Amino acid sequence: MRVWSAVSGKFDSSRSLTKRLPAVPAAVPIYARGRTTLLALDFDAKHHNAEQVDTDVDRALGWLHECGARTVTDRSTSGGRHVLVPLATDNPLRVDDIKVLMQLLTARLITLDATPMLNAAQGCITPPGSPTREGGYRRLDGPLDAAIDTFVVRSDRGTVPRLIALLGGATTPRHRTPVAAVAASLTQDERLVGLGRERRLDPRFHRSTPVPEPVATYAATGKFTKAHKALWKSPSEARQSVISHAVLRGASTSDIEKTIATAEWAGLKRAYMDKYGIHFEQALQRDVDKALTWAASIVRPFHELTHKYRYTGGDASFLKDPIRRKWLAHAQLWIDTEFCGTRHRPVLLAVVQALAYTSALAGELIEGVPVVAVGGRSLSHAAGLMSESSVWSSLRLLRETPGSPLLLIARGAGREADRYALTTPATTRGPGQARIERARVEPVHTAWREIGLRGRAMYELVAAGLATNIDDALAGALLRPSNGYAILADLTAAGLIKRDGATLTVGSRSLDDVAAAHGLDTVAADRIVRHRAERIVWRAWLENRLAPPPPPPDTTRDERAADWSITVGTPSLDERASERLWAVTMADGPPPCPDPDLEALDLLSSELGAVVV
């Protein structure tokens, strides 16, 4: 952490992070080795008042939430506020990736200080709870458990590009690594179809969500109002935003020219004519080309599901699987015993349920013990679209805890995933018949990605009729009253539970309703096809790495083949006629970047169990 100095008025000295609250203001670095997975927005009341800060924060939160961000906010005694956005951990960003977004935001939010996010070496942010320079402490908005859930679940992948699109930007990010370069070439080849004026995004990548209201209004009226000035810096950005949203929904130049001639886009046509005259076609083509190039670099498929499966109850054959159902009940009992009262418990419960389902889907029984080979990416789908990083950390915790129901029997290599045996955990007592009947060998519903996994146990008790009042629900879900009432409030607000005094009943909304309201089918499709793309890159990386060396020029073809097979042995990279089930195909991919320091740290962590501090 960096500690504030009253002499210099800056955070210019470093200390080790401690559990004890510092006596002076302290900040934590935003970047680690030049990369970050946190978007930290610092709204300063120094040159403005607290009311202006609140206005800017509310405006920013609206944009962020529309683009799939999850946020934590706090406020200082000075009136300043922070908005913390935990980004997906599998794609850390550099300053160059953030710069365009910060320029767009600072042009619209006068109290936003972009300095912390644009300084990879010294950028830092004071977290909630820190003392402030004016006296007092930074106070968290909302309950602590909700903030922890936000940092565990994190924001949707692609939040930053979507926010740039909403604000009228169309900048293609720079690609620095060989793996990213391969991905970039695949993007251009696979994500655009057609030629000339019919060039458009491949239909697999089209978005079906409604166009944001400000964008649709500007397209219809062409009036750059005061409300639009809060979103876009100029009419040029407003025009580009309309074009970008049309391109993301599958429009080509030809389509846009037809639409711009209708009343629906009469305002956009008038805006182009005011700027470029009656012959504005060349300018329109230039804006479409810019939007296509940008869109092809950031979109993920929204409808193509490689393996269609439902989260509304699972396959009945899985529910009747007695071996895996009994294992799941054992594993749940062990987790409730070992991790009761910790924030790991709801995440681990989701992971073991996903393991049971994946084992039933694509595993095998060896002497009565379920065995399954599965990677963290695949498991994240069955775990309710949990982030991949959370799955990996949960698997590591399960592997390393004594008496665990999960035994790693073969470490993955190449295209093969880690192989696990689902063993009976060490518990003083086994699960009763009632717990076994409650164990459901099915995927975790994706709605819990939005609601928070901590509320799952209480809801399932109420939905099954096993808890009809608050006391029974708290006792059955093993929740303390303080946490339990906060969870109950969340479930009530979501419409999943109806409370009448102390009596609890199932609410008017279902988990399917919540998932549909948040477009989680789209999120699932996005993630599945992203994993397929990452697997293609991983295969290419493997083939490059394992390719045999060139033979000596003075040997015959037969001699070369014989020599190679004797001295090295040709590695097997056979292309199977049909892919294995989705749950077992995704092993851990190559390192996210070729930085030798990061590769060394990853190797130490994965092979030797080192902890990077």
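This note comments on a predicted model of a single chain, from its overall make-up to its pockets, cavities and one helix.

1. Overall make-up. The chain has 613 residues, and 46% of them count as buried. Its secondary structure comprises 26 helices and 17 strands. The accessible surface comes to about 29,800 Å², and carbon and sulfur atoms account for 54% of that area.

2. Contacts along the chain. Among contacts with a separation of 6 or more, 72% join residues that lie 24 or more positions apart in the chain.

3. The second largest pocket. This pocket holds about 780 Å³ of space. Its lining is made up of 30 residues, and F11, D42, D44, D113 and R133 are the ones nearest the centre. The elements that contribute two or more residues to this lining are strand 4 (38-43), strand 6 (81-86) and strand 8 (124-125).

4. Character of the pocket lining. By residue class, the lining of the second largest pocket consists of 12 polar, nine charged and nine nonpolar residues. The residues nearest the centre include D42, D44, D113 and R133, together with F11. Aspartate and arginine count as charged and phenylalanine as nonpolar, so both of these classes are represented at that position.

5. Cavities. Two cavities of 30 Å³ or more are found when the whole structure is searched. The second largest of them has a volume of about 30 Å³. Its lining consists of I451, G452, R454, G455, I487, D490 and L491.

6. Source and character of the cavity lining. Helix 21 (residues 481-493) supplies the largest share of the lining of the second largest cavity, namely three residues. In terms of class, three residues of this lining are nonpolar, two are polar and two are charged. The two polar residues are G452 and G455, since glycine is counted as polar here.

7. Helix 10. Which residues of helix 10 are buried? In this helix, which spans residues 266-276, they are G267, L268, A271 and Y272. These four lie on the same side of helix 10, because the arc they cover around the axis is only 140 degrees. An α-helix has 3.6 residues a turn, so residues three or four places apart point the same way.

8. The end of helix 10. The residue that follows helix 10 is G277. Its phi is positive, near 85 degrees.

Definitions and conventions
Residues numbered from 1 in each chain as written. Predicted model: local features only at pLDDT ≥ 70, side-chain atom pairs only at ≥ 80, totals over all residues. Heavy atoms only, no water. Buried < 20%, exposed > 50% of the residue type's maximum accessible area, 1.4 Å probe, protein only. Arc of directions from axis to C-beta. 1 Å grid on protein atoms, 1.4 Å probe; cavity = no way out; pocket = protein on both sides within 12 Å on 5 of 7 lines; lining within 4 Å. Points joined across faces, edges and corners; volume = space filled by probe spheres on them. Contact = heavy atoms within 4.5 Å. Areas by Shrake-Rupley, 256 points an atom, 1.4 Å probe, with all protein chains shown as cover.
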